[in-house]
Structures are given as structure tokens and as C-alpha cells.
Amino acid sequence: MKTPLLSSEELTASLATLNGWAVEGKEIVKTFKFAAYLAGIDFVSKLGHAAEAMNHHPDLIVGWRKVTVKLSTHSAGGLTELDLTLAREAEKIASA
Ligand SMILES: C[C@H](O)[C@H](O)[C@H]1CNC2=NC(N)=NC(=O)C2=N1
């Protein structure tokens with residue numbers, strides 16, 4: 001079954017419960033900061049495994065002690081509950 005797009009009300013309400021995510025066009029985006037480069041790589045690996053399990057994949061940009069995560073549901077052409085679920089997962093992994 002296709003996941004429906006979030007209404008702007010749903011999106012605003014959900015983002016209020018998430019820390020530091022911004023809407024950029026059809027994506028939500030956050031840059032996570034780390035104490036060491038390899039902590040960022042570790043985060044990418046864990047988030048990658050969570051994404052694979054969900055069959056929902058973020059765009060990831062790895063920098064020095066930072067990783068930018070961009071989420072969108074390409075099949076729906078915008079943001080869905082899947083993006084919020086993966087954003088929450090990213091928060092959990094980053095704070096573990
Ligand atoms: C065939 C497979 O289900 C699709 O290609 C999945 C894979 N991962 C995906 N990831 C994201 N972010 N959006 C999608 O629409 C998507 N589709």
C-alpha cells in the first residue's frame with residue numbers, strides 16, 4: 001500500500017516533537033554533529049542498517065565530525081510517516 005503524503009499540519013506537529021529538523025522543499029534535513037569523524041561513520045552505518053530494514057533510505061552527506069541526513073519518500077513525491085519514523089530512528093541512534 002502506498003504511504004500517503006503528510007499534510008502541512010501533520011508535518012508541523014510532528015517536527016515540533018523532533019529536534020533540529022528543517023523542511024527544505026520535499027525533504028526534511030538535519031546535520032548531526034559528532035565528537036570524532038569515526039563517530040559520524042558509525043552513525044551512518046547504524047542508520048544505513050535501520051534504513052535497509054525499513055526499505056526507506058536517506059540521502060547522507062558525510063563531513064568532518066558531521067553527517068547531514070535528508071529524508072523524503074520518493075515514491076510518494078514528498079514527505080510521509082516513513083520519513084518521520086526514520087528521523088526518530090536517527091535521533092535514537094545519535095543519542096545512544
Ligand atoms: C523498490 C523499493 O521499495 C523502493 O525503491 C524504495 C527504496 N527506498 C526508498 N527510499 C526512499 N527514501 N524513498 C522511496 O520511495 C524508496 N523506495
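Which residues does A90 touch, not counting residues up to four places away in sequence? In this predicted model, A90 touches L47 and V69 under that condition. A90 is one of the buried residues of helix α3, and L47 is among the buried residues of α2. The contacts of A90 with L47 and V69 serve as an entry point to the packing around these elements.

The largest nonpolar core has 14 residues. Those with the most contacts inside this core are I28, V69, L71, A87 and A90. Two or more residues are given to the core by each of β2, α2, β4 and α3. Helix α3 provides the largest share, four residues.

Helix α3 covers residues 81-94, 14 residues in total. At 1.5 Å a residue, a helix of this length should span 20 Å, and the end C-alpha atoms of α3 are 20 Å apart, which agrees. The buried residues of α3 are D83, L84, L86, A87 and A90. Because these residues fall within an arc of 165° when seen down the axis of α3, they line one face of the helix. The elements covering the buried residues of α3 include α1 (8-15), β2 (27-33), α2 (37-54) and β4 (66-71).

Helix α2 was examined in the manner applied to α3. Its 18 residues should span 26 Å at 1.5 Å a residue, and a distance of 26 Å between the end C-alpha atoms of α2 agrees with this expectation. Buried positions in α2 are G40, F43 and L47. Seen down the helix axis, the buried residues of α2 lie within an arc of 55°, so they line one face. The face turned away from the buried side of α2 carries the exposed residues L38, S45, H49, E52 and A53. Cover for the buried residues of α2 comes from elements that include β2, β3, β4 and α3. Helices α2 and α3 therefore each appear in the list of what covers the buried residues of the other.

Two residues other than glycine with positive phi were examined next. N55 follows α2 and is found in the loop between α2 and β3 (59-63). Phi of N55 is near 55°. With 7 other C-beta atoms within 10 Å, N55 is exposed. R65, in the loop between β3 and β4, has a positive phi of about 60°. R65 is partly exposed, with 14 other C-beta atoms within 10 Å.

N55 also belongs to the surroundings of the ligand, where the residues are N55, H56, H57, S72, T73, H74 and S75. This shell divides into no nonpolar, seven polar and no charged residues.

S75, one of the residues around the ligand, is touched by K2. K2 lies in the segment before α1 and counts as exposed, with 8 C-beta neighbours inside 10 Å. Not counting residues up to four places away in sequence, K2 touches S75 and A76. K2 and T80 are 78 residues apart in sequence, while their C-alpha atoms are 10.0 Å apart in space.

Note on methods. Residues are numbered from 1 along each chain as its sequence is written. This is a predicted model: local features need pLDDT of at least 70, side-chain atom pairs count only at pLDDT 80 or more; totals for chains, interfaces and linings use all residues. A residue is near a molecule or strand if its C-beta atom, placed from the backbone, lies within 6 Å of it. Ala, Val, Leu, Ile, Met, Phe, Trp, Tyr, Cys and Pro count as nonpolar, Asp, Glu, Lys and Arg as charged, and the others, Gly among them, as polar. The expected span of a helix is 1.5 Å times one less than its number of residues. A residue is buried if 20 or more other C-beta atoms lie within 10 Å of its own, exposed if 12 or fewer, and partly exposed in between; C-beta atoms are placed from the backbone. The arc is that of the directions from the helix axis to the C-beta atoms. Two residues are in contact if their C-beta atoms, placed from the backbone, lie within 7 Å. A nonpolar core is a set of buried Ala, Val, Leu, Ile, Met, Phe, Trp, Tyr and Cys residues joined through C-beta atoms within 7 Å.
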